[in-house]
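Q: I am new to reading protein models, and I would like a close look at one part of this one. Could you walk me through a central strand and the pieces around it, and then point out some details of the backbone?

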Amino acid sequence: EEANAITDRDNVTVLVGLAARDNLDAFVGDDCKAMISWGTAGALRKEVEVGSVAILSGVVDVAGSRNLASSDWYLKILAAFNGNAVPAPVLRRGYSGKQEIATTAIEKAALAVRFSPCVETVDMGAYAVAMFAEKRGVPWIAIQGISDAYDQDVPSVGAVGATNADGSPSIGAFIEGLITHPDEIRPAIRIAETFVQAILGLEWAYSVIQPWFKFND
């Protein structure tokens, strides 16, 4: 769903799934000019609302080391977002953590306290993209649709094992997980609803920052 929000793929190569994220050297050609982390993320703070869109000024890992996004590119997209404020989702900015599994409200609160006040979102891809772009010497940015609130638990059946290596959903594993953990049916319904809101935010963002994410436009 995240990848499908990118409709015009001229000059853009879209990689999905953990296999691609963890092996970027094998997938990204020498002709790469820039990198973008594009997808959903969880909120770490109350003011970061589900369905809003975050453009990250940088990422921070668990040790507190920071990697900054391309400032020129960031400011160009920020200006485009602000120029389309209605009916745009609320814009959030900040850092994203390397921490990958922060699926409960308790885990999110711990990250928020640890990295207060600069860290506002947590995701699975921005840090990998940032580090790879730095190694390649190319600019990078990260844009995220907020899919789960700071106080929202992501059900374990959706967080672990329900996604195939290529990024597609594993429906069988998801259903089996719900059968095993029926108490997670309600949280699963809620995360499905909030995920749709995040995708709508990404679709809005993509419509605003075309062509090619306003990179060298």
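A: Let's begin with a term we will need: a residue counts as buried when its relative accessible area is under 20%, and as exposed when that area is over 50%. Please also keep in mind that this is a predicted model.

How confident is the prediction? The protein chain has a mean pLDDT of 84, and 82% of its residues reach 70 or more. Confidence is highest in β6, with a mean of 95, and lowest in helix α6 (residues 156-159), with a mean of 57. Where pLDDT is low, the predicted coordinates should not be read in detail. That makes β6, with its mean of 95, our choice for a close look.

Find β6 at residues 140-148. Nine of the nine residues of β6 are buried, so this strand is largely enclosed by the rest of the structure.

Now look at the strands beside it. β1 and β6 run parallel and are joined by eight bridges. Within this pair, Thr40 stands opposite Gly145 of β6, and Gly42 has Asp148 of β6 as its bridge partner. β2 also pairs with β6, but here the two strands run antiparallel, with three bridges between them. One example is Ala54, whose bridge partner in β6 is Gln144.

Stay with β1 for a moment. Eight of the nine residues of β1 are buried, so we can call this strand mostly covered. β1 also pairs with strand β5 (residues 119-122), in the antiparallel sense and over two bridges. Here Gly42 turns up again: its bridge partner in β5 is Val122.

What packs against β6? One neighbour is helix α5, whose buried residues pack against β6 as well as α2, β1, β2, β3 and β4. Helix α5 covers residues 126-136, and its buried residues are Ala126, Tyr127, Val129, Ala130, Phe132 and Ala133. A helix rule helps in reading such a list: an α-helix has 3.6 residues a turn, so residues three or four places apart point the same way. Just after α5 comes Gly137, which takes a positive phi of about 75 degrees.

Helix α5 also takes part in the second largest pocket, which has a volume of about 190 Å³. This pocket is lined by 15 residues, and those closest to its centre are Arg21, Asp22, Leu24, Tyr127 and Ala128. Both α2 and α5 supply at least two lining residues, and the largest share, five residues, comes from α5. By type, the lining holds six nonpolar, two polar and seven charged residues. Notice that Tyr127 is among the buried residues of α5 and also among those closest to the centre of the pocket.

To finish, here are the backbone details you asked for. Asn11, in the segment before α1, has a phi near 65 degrees, a positive value in a residue other than glycine. Lys214, in the segment after α8, likewise has a positive phi, near 60 degrees. Are these two residues buried or exposed? Asn11 has a relative accessible area of 70%, so it is exposed. Lys214 has a relative accessible area of 18%, so it falls under the 20% cut-off and is buried. Pro211 also lies in the segment after α8, and the peptide bond that joins Gln210 and Pro211 is cis, with an omega of about 5 degrees.

How values were computed
Residues are numbered from 1 along each chain as its sequence is written. This is a predicted model: local features need pLDDT of at least 70, side-chain atom pairs count only at pLDDT 80 or more; totals for chains, interfaces and linings use all residues. Side-chain values use heavy atoms; hydrogens and water are left out. Buried means under 20% relative accessible area, exposed over 50%, partly exposed in between (1.4 Å probe, protein chains only). Helices (H or I, at least four residues) and strands (E, at least two) are DSSP runs, numbered from the N terminus. Contact means heavy atoms within 4.5 Å. Two strands pair if DSSP finds at least two bridges between them. pLDDT is the predictor's confidence in each residue, from 0 to 100. On a 1 Å grid over the protein atoms alone, a cavity is a set of points where a 1.4 Å probe fits but cannot get out, and a pocket is an open set with protein on both sides within 12 Å along at least five of seven lines; lining residues have an atom within 4 Å of a point. Grid points are joined across faces, edges and corners, and a volume is the space filled by probe spheres set on the points. Ala, Val, Leu, Ile, Met, Phe, Trp, Tyr, Cys and Pro count as nonpolar, Asp, Glu, Lys and Arg as charged, and the others, Gly among them, as polar.
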